[in-house]
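Got your viewer open? Let's take a walk through this one together, one selection at a time.

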Amino acid sequence: MDHHKAKKVVIITEKLITDEVAKLVEECGATGYTITGAGGKGSRGVRAARGGVTDAFLNVKFEIITASADIANNISDKVAETFFENYSGITYLEDVEILRPQKF
Amino acid sequence: MDHHKAKKVVIITEKLITDEVAKLVEECGATGYTITGAGGKGSRGVRAARGGVTDAFLNVKFEIITASADIANNISDKVAETFFENYSGITYLEDVEILRPQKF
Amino acid sequence: MDHHKAKKVVIITEKLITDEVAKLVEECGATGYTITGAGGKGSRGVRAARGGVTDAFLNVKFEIITASADIANNISDKVAETFFENYSGITYLEDVEILRPQKF
């Protein structure tokens, strides 16, 4: 199958705001997202006891694949503007290759 | 150490078919894979209650690193052909750099 | 917002040495890291029963974003040198784009 260039947006933030972030991601035009529980340490300190890392995640990681660079940039910008003054979080973009652009 | 170009294949699909996907990944020539539990929303609807995102994952994320672009493409194509008519799922590829190509 | 090039370091290794890896990552100059529980199979064999993949992760995945390619290379090299003779593990690097370089 042919491969097509696409973007992945990654958002790592507090589990507390999972629903609000998911809503904003969809409003920006994403057709789907993957969520994983995560712990770690950032500029606002440790977010989970390291020893119990798989047991009590306080962070959540969103991954969104989109064939549109505009949608990817918009999600990343909007999430940072909306949430990262009041909640800890980071966001970054990656280049990926997808098989079936109509699915994204 | 020197770095070498390699490919990462990502597969996100239903937890139900974890064993079948792992078998196919190995048959395609991968020497290993990483599995993470995941939730999310795709073209077939929400796959886990958002509020309970870390408690009851219904999806699984495979990540496979291989120094061979042919193996990477083959895994991605074969998984999509074999499973994605009947099960929800996405697959995509990324470029990565590895330290020790003999390990992959 | 403007985007800036940065590096992601990924380390997948045994859960047992989570604290030691976190310490080394910080000593190399990272300002933060994300941790996820993981299972899988590598050159030293299966690390979690596939059927119970989300229940009992024996591996841990670190992801570190840094605006400095030197810090990224150093983390990857040091972790491999320090731990991968005695513990199973892989490490690789990816290119990412970040919004706010001052946060990383």
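The tour starts with a single chain, then moves out to where the chains meet. One thing to keep in mind as you click around: this is a predicted model.

**Stop 1: chain A on its own**

Select chain A and show it as a cartoon. You should find two helices and five strands. Follow the chain from its N terminus and the elements come in the order β-α-β-β-β-α-β. Chain A has 104 residues, and 56% of them count as buried. Now think about who touches whom. Among the contacts in chain A with a separation of 6 or more, 80% are between residues 24 or more positions apart.

**Stop 2: a lysine to zoom in on**

Next, select Lys8(A), which sits in strand E1 (residues 4–14) of chain A. Is Lys8(A) buried or exposed? Lys8(A) counts as buried, because its relative accessibility is 1% and the cut-off for buried is under 20%.

Show the side chains around Lys8(A). Which side chains make polar contacts with the side chain of Lys8(A)? One is Glu63(A), with a polar contact of 3.0 Å between the two side chains. Another belongs to the neighbouring chain: the side chain of Glu94(B), at 2.9 Å. Leaving out residues up to four places away in sequence, Lys8(A) also touches others, including Ile64(A), Ile65(A), Tyr92(A) and Leu93(A). From chain B, Tyr92(B) is on that list together with Glu94(B).

**Stop 3: strand E5 of chain B**

Now select residues 89–98 of chain B, which make up strand E5. How many of its ten residues are buried? Eight are, so you can call this strand mostly covered.

Look at what lies alongside E5(B). Within chain B, strand E1 (residues 4–14) pairs with E5(B) in the antiparallel sense, over ten bridges. To see one spot along that pairing, pick His4(B), which stands opposite Ile98(B).

E5(B) has partners in other chains too. Strand E5 (residues 89–98) of chain A pairs with E5(B) in the antiparallel sense over two bridges. Pick Ile98(A) there, and you will find that its bridge partner in E5(B) is Tyr92(B). Then turn to chain C, where strand E5 (residues 89–98) runs antiparallel to E5(B) and is joined to it by two bridges. Here Ile98(B) has Tyr92(C) as its bridge partner, and Glu97(B) stands opposite Leu93(C).

While you have strands on screen, here's a handy general point: in a regular strand the side chains alternate between the two faces of the sheet.

**Stop 4: where chain A meets chain B**

Color chains A and B separately and look at their border. On each side, 29 residues are in contact with the other chain. The area buried between chain A and chain B is about 2,400 Å², and carbon and sulfur atoms give 51% of that.

How many salt bridges are there between chain A and chain B? The count is four. For one of them, select Lys41(B) and Glu26(A), whose closest N and O atoms are 2.6 Å apart. There are also eight residue pairs in polar contact between these chains. On chain A's side, helix H1 (18–27), strand E2 (33–42), strand E4 (59–66) and E5 each supply at least two residues. Sorted by class, that side has eleven nonpolar, seven polar and eleven charged residues.

Before you leave, find strand E2 (residues 33–42) of chain B: three bridges join it to E2(A), and the two run antiparallel. Lys41(B) turns up again here, standing opposite Tyr33(A).

**Stop 5: where chain C meets chain B**

Last border. Select chains C and B: 29 residues of chain C are in contact with 29 residues of chain B. About 2,300 Å² is buried between them, with 51% coming from carbon and sulfur atoms.

There are four salt bridges between chain C and chain B. Try Lys7(C) and Glu97(B), whose side chains meet in a salt bridge at 2.8 Å, N to O. The elements giving two or more residues to chain C's side are strand E1 (4–14), strand E2 (33–42), helix H2 (69–83) and E5 of chain C. By class, that side of chain C has nine nonpolar, twelve polar and eight charged residues.

Technical notes: Residues are numbered from 1 along each chain as its sequence is written. Chains are lettered from A and ligands numbered from 1 in the order in which they are written. This is a predicted model: local features need pLDDT of at least 70, side-chain atom pairs count only at pLDDT 80 or more; totals for chains, interfaces and linings use all residues. Side-chain values use heavy atoms; hydrogens and water are left out. Buried means under 20% relative accessible area, exposed over 50%, partly exposed in between (1.4 Å probe, protein chains only). Helices (H or I, at least four residues) and strands (E, at least two) are DSSP runs, numbered from the N terminus. Two strands pair if DSSP finds at least two bridges between them. Contact means heavy atoms within 4.5 Å. Buried area is the accessible area (1.4 Å probe) that two parts lose on being put together, summed over both. Ala, Val, Leu, Ile, Met, Phe, Trp, Tyr, Cys and Pro count as nonpolar, Asp, Glu, Lys and Arg as charged, and the others, Gly among them, as polar. A polar contact is a pair of N or O atoms within 3.5 Å; within protein, one must be able to donate a hydrogen and the other to accept it, and residues adjacent in sequence count only if both atoms are side-chain atoms.
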